[in-house]
Amino acid sequence: MSQKYWDELYKKNETPWEKGEASPGLVDFLTAHPELSRGTVLVPGCGTGHDARVWAKFGFTVTGYDIAPSAVALAKEKTAAAFLTADFKLGDFLRDEPPQLFDWIFEHTCFCAIQPDERELYVAAVQRWLKPGGQYVAVNYLIPDTDGPPFGTTREEIVERFSPVFTLVEDWVPRSYENRTGLERMFWWKKG
Ligand SMILES: C[S@@+](CC[C@H](N)C(=O)[O-])C[C@H]1O[C@@H](n2cnc3c(N)ncnc32)[C@H](O)[C@@H]1O
């Protein structure tokens, strides 16, 4: 989907993914793991920045990246209003060269937002933007839909695509927004 497609949805306020709060699974993950080293985090397809702000609240150095100028503007506004610090940049996660490498990447409704035939590009981008030994935490949307976005996936597809280059630390069913209960699965991967 093009930059124009996503930006117009934000401009028309047609953003059904926007829940006004961070992914419950992410909040639980960070709460359950106070031992994680506080490095840099990239949130690709960050939207208005709820997840990025949670990583910031937990003490990480966060960059949100989104292809839609309106999303980046909203993310900056909301972050300033919350008196939090996070950097938000405009760009195409799939195709851009990373300006820096990150210790962590957090995925939430970006993988399901891109065209399924771009998924190879997505896996390559996660590899490219992560430091050696970096970690990738994903909330994947396991729905059957083929007429997205969102486009569904399965646990089998995720494992098949990511396990050649990442080691699976753990995967589990997270707490979700009410209308996604039972439809999400979290994966915690380590590069290499
Ligand atoms: C379904 S929305 C989810 C936004 C946010 N993750 C959330 O859950 O609220 C998908 C987001 O990915 C962004 N996006 C789509 N393709 C992208 C790409 N290639 N690079 C960066 N962002 C992208 C869109 O602009 C949109 O903000």
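These legends accompany close-up views of a predicted model, beginning at the ligand and moving on to single residues and loops.

**View 1. The ligand and the residues around it.**
Let's start where a bench biochemist might look first. Around the ligand there are 16 residues, and Y10, G45, D66, H108 and T109 come nearest. Sorted by class, this shell is made up of nine nonpolar, five polar and two charged residues. As for the site itself, the ligand takes up the space of the largest pocket.

**View 2. Polar contacts of the ligand.**
Zoom in on the N and O atoms here. On the side chain of Y10, a polar atom lies 2.6 Å from an oxygen atom of the ligand. H108 takes part through its backbone, where an N or O atom is 2.8 Å from a nitrogen atom of the ligand. F93 also uses its backbone: one of its polar atoms there is 3.0 Å from a ligand nitrogen. How much of the ligand's accessible area does the protein cover? On its own the ligand has 590 Å² of accessible area, and the protein covers 95% of that.

**View 3. V43 in strand 1.**
Now center the view on V43, which belongs to strand 1, residues 40–44. Is V43 buried or exposed? Its relative accessible area is 2%, under the 20% cut-off, so V43 counts as buried. To place V43 against another part of the chain, look for W129: the two residues are 86 apart along the chain, and their C-alpha atoms are separated by 11 Å.

**View 4. Two cis peptide bonds in the loop between strand 5 and helix 6.**
This loop follows strand 5 (130–141) and leads to helix 6 (155–162), and P149 is found in it. The peptide bond that joins G148 and P149 is cis, with omega at about 5 degrees. Step along to P150, which lies in the loop between strand 5 and helix 6 as well. P149 and P150 are also joined by a cis peptide bond, here with an omega of about 0 degrees.

**View 5. T154 and its neighbors.**
Stay with the loop between strand 5 and helix 6, where T154 has its place. With a relative accessible area of 38%, which falls between the 20% and 50% cut-offs, T154 is classed as partly exposed. A polar atom of the T154 side chain lies 2.9 Å from the backbone nitrogen of E157. Y141 makes a handy second landmark: T154 and Y141 are 13 residues apart in sequence, with 8.2 Å between their C-alpha atoms.

**View 6. N13 and its positive phi.**
Turn next to the loop between helix 1 (3–11) and helix 2 (24–32), which holds N13. The backbone is worth a glance: N13 is not a glycine, although its phi is positive, at about 60 degrees. Is N13 buried or exposed? N13 is exposed, since its relative accessible area of 63% is over 50%.

**View 7. F83, another residue with a positive phi.**
F83 sits in the loop between helix 4 (69–81) and strand 3 (87–90). Its phi is near 55 degrees, a positive value in a residue other than glycine. The relative accessible area of F83 is 76%, which is over 50%, so this phenylalanine is exposed.

**View 8. L74 in helix 4.**
Helix 4 also gives us L74. Its relative accessible area of 29% lies between the 20% and 50% cut-offs, which means that L74 is partly exposed. Where does F88 come in? L74 and F88 are 14 residues apart in sequence, and 9.8 Å separates them in space from C-alpha to C-alpha.

**View 9. E178 in the loop between strand 6 and strand 7.**
For the last stop, find E178 in the loop between strand 6 (166–172) and strand 7 (184–191). E178 is exposed because its relative accessible area, 79%, is over 50%. P24 can be found from here: E178 and P24 are 154 residues apart along the chain, while their C-alpha atoms are separated by 10.0 Å.

Definitions and conventions: Residues numbered from 1 in each chain as written. Predicted model: local features only at pLDDT ≥ 70, side-chain atom pairs only at ≥ 80, totals over all residues. Heavy atoms only, no water. Near = heavy atom within 4 Å. Polar contact = N/O pair within 3.5 Å; in protein donor to acceptor, adjacent residues only side chain to side chain. Areas by Shrake-Rupley, 256 points an atom, 1.4 Å probe, with all protein chains shown as cover. 1 Å grid on protein atoms, 1.4 Å probe; cavity = no way out; pocket = protein on both sides within 12 Å on 5 of 7 lines; lining within 4 Å. Sits in = over half its atoms within 2 Å of the grid points. Nonpolar A, V, L, I, M, F, W, Y, C, P; charged D, E, K, R; others polar. Helix = DSSP H or I, 4+ residues; strand = E, 2+ residues; numbered from the N terminus. Buried < 20%, exposed > 50% of the residue type's maximum accessible area, 1.4 Å probe, protein only.
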